[in-house]
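Visitor: I would like a close look at a single part of this structure, taken slowly and with its surroundings included.

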Amino acid sequence: MEVFHSFVLSYIKYKDHDAILRCYTLEKGFQSFYIKGIYAPKNKKKAYLSPLNPLKITVNHSVKNHLGIIRNIEFTYPEVALPEFRMASVLFFIADFLCQVLPHETENPDLYSRIVRFYHHLHEGNYQSHLIFLVEFLENHGLAPALTEGEFLHPEMGYFSPIAEGASFSAKISGYWRAILTAEDAYTVMIPSEDRRAFLEALLYYYQYHFPNFSIPKSLEILYEMV
């Protein structure tokens, strides 16, 4: 038996009652697990499969099956209430994003702790926390912009410049980038609600330059409707 502290990224229903979970774990990074009977009529744990649920998973490894078979699952933070629709849309978006960028990610305790931090800030009512997390993810992967002189972020080159590079990286939007990157606690940086969509679009634009084959998460439209 092996125990994993994990976040659910996605799942695929298999046969009538089973599922394959894709998770990001503290212990081994990106992992896939097989869970039996989760869709059985009397099983009350279907809610455990919600995107970015933090779970403690006990797994039995079989010689015949390369996927670990889940023997027990429980919430890592049972005191945290299940998310309402607005919060769920943010969790779905970040899970969708992570599912795209983490398929080959190995153990990374710093990244896992950043996901935990984002999760708790969101549950405390910080509805810009996904924006902060996306910048912190870049920092963790060594892809954050260099803090050079200039008030405009150059997305392709990854540094600040005195010359503007398109409307998506205005002085205001670039200023939010710099504030987050230089803050002692990035989650204290406030981005006005009217600027959050523009800042998110700039973030995703930056990712398209610096992550090969990155595509806009399909859950983005749901996020726009809810947040």
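In which helix is the place of His-210, and what lies around that part of the model?

Guide: In this predicted model, His-210 belongs to helix α5, which covers residues 193-210. The side chain of His-210 comes to 2.6 Å from the backbone oxygen of Pro-155, and, once neighbours within four places in sequence are set aside, the contacts of His-210 are with Leu-143, Pro-155, Glu-156 and Gly-158. Pro-155 therefore appears both as the partner in that 2.6 Å approach and in the list of contacts, for which the cut-off is heavy atoms within 4.5 Å.

Helix α5 also leads to helix α3, since α5 is one of the elements against which the buried residues of α3 pack, together with α1, α2, α4 (171-182) and α6 (220-226). Helix α3 spans residues 129-140; it has 12 residues and reaches 16 Å from its first C-alpha to its last, close to the 16 Å expected at 1.5 Å a residue. The helix is mostly covered, with 11 of its 12 residues buried, among them Ser-129, His-130, Phe-133, Glu-136 and Asn-140. After α3 comes Gly-142, whose phi is positive, near 70°.

Within α3, Glu-136 deserves a separate look. Its relative accessible area is 5%, and because the limit for a buried residue is under 20%, Glu-136 counts as buried. Leaving out residues up to four places away in sequence, Glu-136 touches Arg-114, Arg-117, Ala-186 and Tyr-187.

Two of the helices that pack against the buried residues of α3, namely α1 and α2, carry the description on to the strands. Helix α1 (residues 85-101) lies across β1 (2-14) and β2 (18-25), running at about 95° to β1, whereas helix α2 (residues 109-123) lies across β1, β2 and β4 (54-60), running at about 70° to β1. These strands belong to a closed barrel of 5 strands in the order β1-β2-β3-β5-β4, with mixed pairing, and the twist from one strand to the next averages 55°. Strands of a sheet pair through backbone hydrogen bonds, either parallel or antiparallel. In this barrel, strand β3 (residues 29-35) and strand β5 (residues 68-75) run parallel and are joined by 2 bridges, and Phe-33 stands opposite Gly-68 in β5.

Technical notes: Residues are numbered from 1 along each chain as its sequence is written. This is a predicted model: local features need pLDDT of at least 70, side-chain atom pairs count only at pLDDT 80 or more; totals for chains, interfaces and linings use all residues. Side-chain values use heavy atoms; hydrogens and water are left out. Helices (H or I, at least four residues) and strands (E, at least two) are DSSP runs, numbered from the N terminus. A polar contact is a pair of N or O atoms within 3.5 Å; within protein, one must be able to donate a hydrogen and the other to accept it, and residues adjacent in sequence count only if both atoms are side-chain atoms. Buried means under 20% relative accessible area, exposed over 50%, partly exposed in between (1.4 Å probe, protein chains only). Two strands pair if DSSP finds at least two bridges between them. Axes are lines fitted to C-alpha atoms, for helices over the stretch in contact, and angles run from 0 to 180 degrees between N-to-C directions. The expected span of a helix is 1.5 Å times one less than its number of residues.
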